[in-house]
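Reader: I should like to learn how to read the surroundings of a ligand, the packing of helices and unusual backbone angles. May we work through an example?

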Amino acid sequence: MPGFELFSDLERNEVNDVLENGVLMRYGFDGMRNGHWKAKSLERELEEQLQVKHAQLVSSGTAAVSVALASAGIGSGDEVIMPTFTFVASFEAIMMLGAIPVLVDIDDTLTLDPKAVEAAITPKTKAIMPVHMCGSMANLDALVKTCKAHNLVLIEDSSQATGAIYKGKPLGSIGDLGCLSLDFVKIITAGEGGAVLTNNEKFYKHADHYSDHGHDHVGNDRGAESHPFLGYNFRISELHAAVGLAQLRRLDEFVATQKKNYTIIREALSQIPEVTFRTVPEGGEESYSFLSFFLPDLEISRKVSNAYKTDGVDACFHYYDNSWHYIREWQHLKNIKSLYPISQEVKNGLAYLQTKTFEQSDHYIGRNISCLIKLSWTEKEVRERADKMVSIIKSVIL
Ligand SMILES: *Cc1c(COP(=O)(O)O)cnc(C)c1O
């Protein structure tokens, strides 16, 4: 990860197809297109590869989460349970609909703790949204069970774990809805883009219409289409979809390359008894986009992270002090710094963030380092990197 490391003629040829006929929009202009429907083709191939009945492309991963929530009828005042460790997009997408993000602890999987989820359910809860961070997954069997018991919608955010598998199924295909991002730093990229995945006909129709101003997409005269309900514009362009199409066809190759590089580094780190690795739920196989491990305490983790930075071991993250991915530094959310008025209902719904602490999350994120696994490294580079990572940890621990 990311897929842009290996851009090739495959991506260029797909983009050129689009530029040659000049139709940059995914809908309409049937006569001009010369048979090129990049967004539609990418949707069909996503359905096949990720084993879902329907994929709806949208303009970003953040849009995918908002569209997924809206498609399931989630909005004003509804509570959505999400993890403390994720990307800011998770609460942004929830709040855009006037819904309330309810943050709960993660466990040693670095994703939602099913027990913390159970404890957070209220009569207002409508959905549970696990975020499969850093290439691995939440305990989906436990979350599916909870959703069934409480009649909740399960929305998987697999933006960082496209290509990972849980009990034989691709991530994103297991919940009522799945979301993925095709932004520039993801395992497969379209530059910008995202997708909503679902086996539910109704949710799919909602996503299809809602992401294009409510258009029903019946017939081939766009101007004559009707609007069964209000929508918005979260469309992807043909140019972006063209890049995404070439990248999706390389997903298996990318995962295999990551696995090779990940395994070399993991084997090297395994020699250090103080290093442990994130738990992958039973039946899960990572996408190997990151290697995530735990060190004995916060202080050691900070020292190792700093030494990695100064000694050129790039792309390793100690998320505890990070402002994008972890609750501790989300002051703008805690203080509801909004450009426009936020409803009293949401303000009340977020008041818990003033006082609630997340010791269990701190315990795991404080000791965690997650290192990006790149696609373009040579085997020699991976081995040198692994040696350097090991010797830095040893020098800090001793
Ligand atoms: C990247 C990402 C998103 C949002 O994707 P964009 O395409 O950048 O909007 C959402 N969730 C997670 C976990 C992500 O990593």
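Author: The discussion below takes up the ligand, then two helix pairs, then two backbone details. Please bear in mind that this is a predicted model.

Reader: Which residues come nearest to the ligand?

Author: One begins with the shell of residues around the molecule. Here 14 residues surround the ligand, and Gly61, Thr62, Asp157, Asp183 and Lys186 come nearest. By character, the shell divides into four nonpolar, seven polar and three charged residues.

Reader: Which polar side-chain atoms lie close to an oxygen atom of the ligand, and at what distance?

Author: For polar contacts, one looks for pairs of N or O atoms within 3.5 Å. A polar side-chain atom of threonine 62 is 2.5 Å from a ligand oxygen atom, and one of aspartate 183 is 2.6 Å from a ligand oxygen atom. Glycine 61 takes part through its backbone: an N or O atom there lies 2.7 Å from an oxygen atom of the ligand.

Reader: How much of the accessible area of the ligand does the protein cover?

Author: The reference is the area that the ligand has on its own, 380 Å², of which the protein covers 93%.

Reader: How do the axes of α1 and α8 cross?

Author: One considers both the distance between the axes and the angle. Helix α1 (residues 9-21) and helix α8 (residues 238-248) have axes that come within 8 Å and cross at roughly 150 degrees. An angle over 145 degrees counts as roughly antiparallel, so α1 is roughly antiparallel to α8. The crossing of α1 past α8 is right-handed.

Reader: At what angle do α9 and α14 pack?

Author: Helix α9 (residues 251-269) packs with helix α14 (residues 379-397) at about 30 degrees, and their axes are 9 Å apart. The cut-off for roughly parallel is under 35 degrees; α9 and α14 are therefore roughly parallel to each other. Here, too, α9 passes α14 in a right-handed crossing.

Reader: Where is there a cis peptide bond?

Author: The angle to inspect is omega. It is about 0 degrees at the cis peptide bond joining methionine 1 and proline 2. Proline 2 belongs to the segment before α1.

Reader: Which residue other than glycine has a positive phi?

Author: Tyrosine 288 does, with phi near 60 degrees. This tyrosine 288 is in the loop between β11 (284-285) and β12 (290-294).

Definitions and conventions: Residues are numbered from 1 along each chain as its sequence is written. This is a predicted model: local features need pLDDT of at least 70, side-chain atom pairs count only at pLDDT 80 or more; totals for chains, interfaces and linings use all residues. Side-chain values use heavy atoms; hydrogens and water are left out. A residue is near a molecule or strand if one of its heavy atoms lies within 4 Å of it. A polar contact is a pair of N or O atoms within 3.5 Å; within protein, one must be able to donate a hydrogen and the other to accept it, and residues adjacent in sequence count only if both atoms are side-chain atoms. Accessible areas come from the Shrake-Rupley method with a 1.4 Å probe; for residues, only the protein chains shown count as cover. Ala, Val, Leu, Ile, Met, Phe, Trp, Tyr, Cys and Pro count as nonpolar, Asp, Glu, Lys and Arg as charged, and the others, Gly among them, as polar. Axes are lines fitted to C-alpha atoms, for helices over the stretch in contact, and angles run from 0 to 180 degrees between N-to-C directions. Helices (H or I, at least four residues) and strands (E, at least two) are DSSP runs, numbered from the N terminus. Angles under 35 degrees count as roughly parallel, over 145 as roughly antiparallel, 65 to 115 as roughly perpendicular and the rest as oblique. A crossing is left-handed if the near helix is turned anticlockwise from the far one by less than a right angle, and right-handed if clockwise.
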